[in-house]
Amino acid sequence: MSNVNWRSMPVMGRKRVVGAVSALAALLLLIGSPVAPSAQATPDDGSTSLDSARNDDTSPTAESSTTGDTSTASDPSRAYVMSSTPFNGRERLKVWSPAMARPVTVDVQRPASSGGSSRPTLYMLDGAEAHTEESGWYAMTDLAKSAAGDKLTVVTPVGDPHSYYTDWRAVDPGVGRKYMYETFLTRELPPLIDGEFGGNGRNAIAGASMGGVAALTLAVRHPSLYRGVAGFSNCANISSLQNQLLTSWDVSRGGGDAANMWGPVGDPAWADHDPYLLAEKLRGKTIYLSTGNGLPGKYNNLLGDPVDETFRGIVGELGSSFCTRQMTARLSSLGIPYTANLHTTGTHKWGYWKDELTVAWPVLMRSLGLR
């Protein structure tokens, strides 16, 4: 291979090279990785074995709001609800985030009749392809129906794909902003949910793909905030070489550079956000993990689905299968109870996560004291 003058290469050229190399390396590593033996779930209270909202409104000026402490409207250093409007049976909030210096869109679903009593809160995080319209959990699953049957509040951030729901270390030129989702989701938003929307301080968090690893990451970094956590089709060991490369490629698909998130490959910050390495922090929590194995199943139409979509789904779930089995083995070695649903078919696709949410729902409700 001829020598390349990396320093003289234009920035966009560097990103393309990094993206291509990362994707190829991750693919080869995932395919070539030996699959760990299936771990047996340690009983967890009777367990069964088993994607950007770019909001251009960056002014902290309050809109007409049906909720919120209006005394904070002129104080951009404090989080507050700028507006609340009805949206598909739930409330769409614009929440001012001091950490991100902009409004963040959040949907909140509350019981039809709460009787003024407080209730637990479930936070649901999207996959990498988070859309501006609404969370995939509402668009692609029966979350609304499931939540309507229990006395709880459901909170879903809307948009900001490929953000990994984490605090970035720098403004990313390609994305045009600096994500500060860890601060938003763990420090700014919960007090508002508890204080203005009836939360009682009992929380659980769940997500799929990007949202799955983010849910686990937030749970290990803020163990006192969550009682339960669920991760569907994710790679918890995010600081392993193959997952650093894969995550860097995934962030590049959204126009960003993962070096602006947790630093370049090999930076210690990656390990600081790795649920696999920090698994001991999950002790005492209700844990649910699931994955397919990449083999097309009932939600795949090999003749009708786009070939590239099917290929990405197969490879993505193959990697998720390896990672999830690795994580369950880690939990077992630590003697930490969990529920695991390791399927013999299934690709990286919403249909499978829709089914999985139904199975995981009682487990999550148990963590919140509702079962």
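## Nonpolar cores

In this predicted model, the largest nonpolar core contains 55 residues. Within this core, the residues with the most contacts are F184, L189, L282 and L331. Helix α5, which spans residues 210-221, contributes the largest share of the core, namely 8 residues.

L282 illustrates how such a core is joined. Leaving out residues up to four places away in sequence, L282 touches L216, A219, V220, V229, I287, M327, L331 and I336. One of these partners, L331, is itself among the residues with the most contacts inside the core. A second core, separate from the largest one, has 23 residues, including M124, L152, A204 and F232.

## The chain as a whole

The secondary structure of the protein chain consists of 9 helices and 9 strands. The chain has 371 residues, and 53% of them are buried. The protein chain exposes about 15500 Å², of which carbon and sulfur atoms supply 56%.

## Aromatic pairs

How many aromatic pairs does the model contain? The count comes to 10 aromatic pairs. In one of them, the ring centres of Y179 and Y181 are 6.2 Å apart and the ring planes meet at 40°, so this pair is classed as tilted. An angle counts as tilted because it is neither under 30 degrees, which would be stacked, nor over 60, which would be edge-to-face. Y179 and Y181 are both buried.

W350 and W353 provide an edge-to-face pair, with 5.1 Å from centre to centre and 80° between the planes. These two residues are 3 places apart in helix α9 (residues 350-367), which means that about one helical turn separates them. Both W350 and W353 are buried. They also belong to a wider group, since ring pairs link W137, F232, Y288, W350 and W353 into a cluster. F232, a member of this cluster, is also one of the residues of the second nonpolar core.

## Arginines over aromatic rings

Two arginines are placed over the faces of aromatic rings. R92 lies over the face of F87, at 3.7 Å from the ring centre. R330 lies over the face of Y276, at 5.4 Å from the ring centre.

## T247 in helix α6

Is T247 buried or exposed? T247 counts as buried because its relative accessibility is 6%, and buried means under 20%. This residue lies in helix α6. The side chain of T247 reaches the backbone oxygen of N243 at 2.7 Å.

With residues up to four places away in sequence left out, T247 touches Y164, I238, M261 and W270. T247 also shows how a folded chain can bring separated positions together: T247 and H162 are 85 residues apart in sequence, yet their C-alpha atoms are 9.1 Å apart in space.

## D267 between two helices

D267 is found in the loop that joins α6 (241-253) to α7 (268-272). With a relative accessible area of 18%, D267 is buried. What does the side chain of D267 reach at 2.9 Å? The side chain of D267 reaches the backbone nitrogen of A269 at that distance. Apart from neighbours within four places in sequence, D267 is in contact with R169 and W262.

## Loop residues and backbone angles

Most residues other than glycine have a negative phi. H162 has a positive value, with phi near 60°. H162 is located in the loop between β5 (153-157) and α4 (181-196), and its relative accessible area of 6% makes it buried. S209 likewise has a positive phi, near 55°. S209 is located in the loop between β6 (199-208) and α5, and S209 is buried, with a relative accessible area of 17%.

P161 has its place in the loop between β5 and α4, the loop that also holds H162. At 16% relative accessibility, P161 counts as buried. P161 and G127 are 34 residues apart in sequence, while their C-alpha atoms are 7.5 Å apart in space.

Notes:
Residues numbered from 1 in each chain as written. Predicted model: local features only at pLDDT ≥ 70, side-chain atom pairs only at ≥ 80, totals over all residues. Heavy atoms only, no water. Core = buried A, V, L, I, M, F, W, Y, C linked by side-chain atoms within 4.5 Å. Buried < 20%, exposed > 50% of the residue type's maximum accessible area, 1.4 Å probe, protein only. Helix = DSSP H or I, 4+ residues; strand = E, 2+ residues; numbered from the N terminus. Contact = heavy atoms within 4.5 Å. Polar contact = N/O pair within 3.5 Å; in protein donor to acceptor, adjacent residues only side chain to side chain. Areas by Shrake-Rupley, 256 points an atom, 1.4 Å probe, with all protein chains shown as cover. Phe/Tyr/Trp six-rings, centres within 6.5 Å; stacked < 30°, edge-to-face > 60°. Lys NZ or Arg CZ within 6 Å of the ring centre and 35° of its normal.
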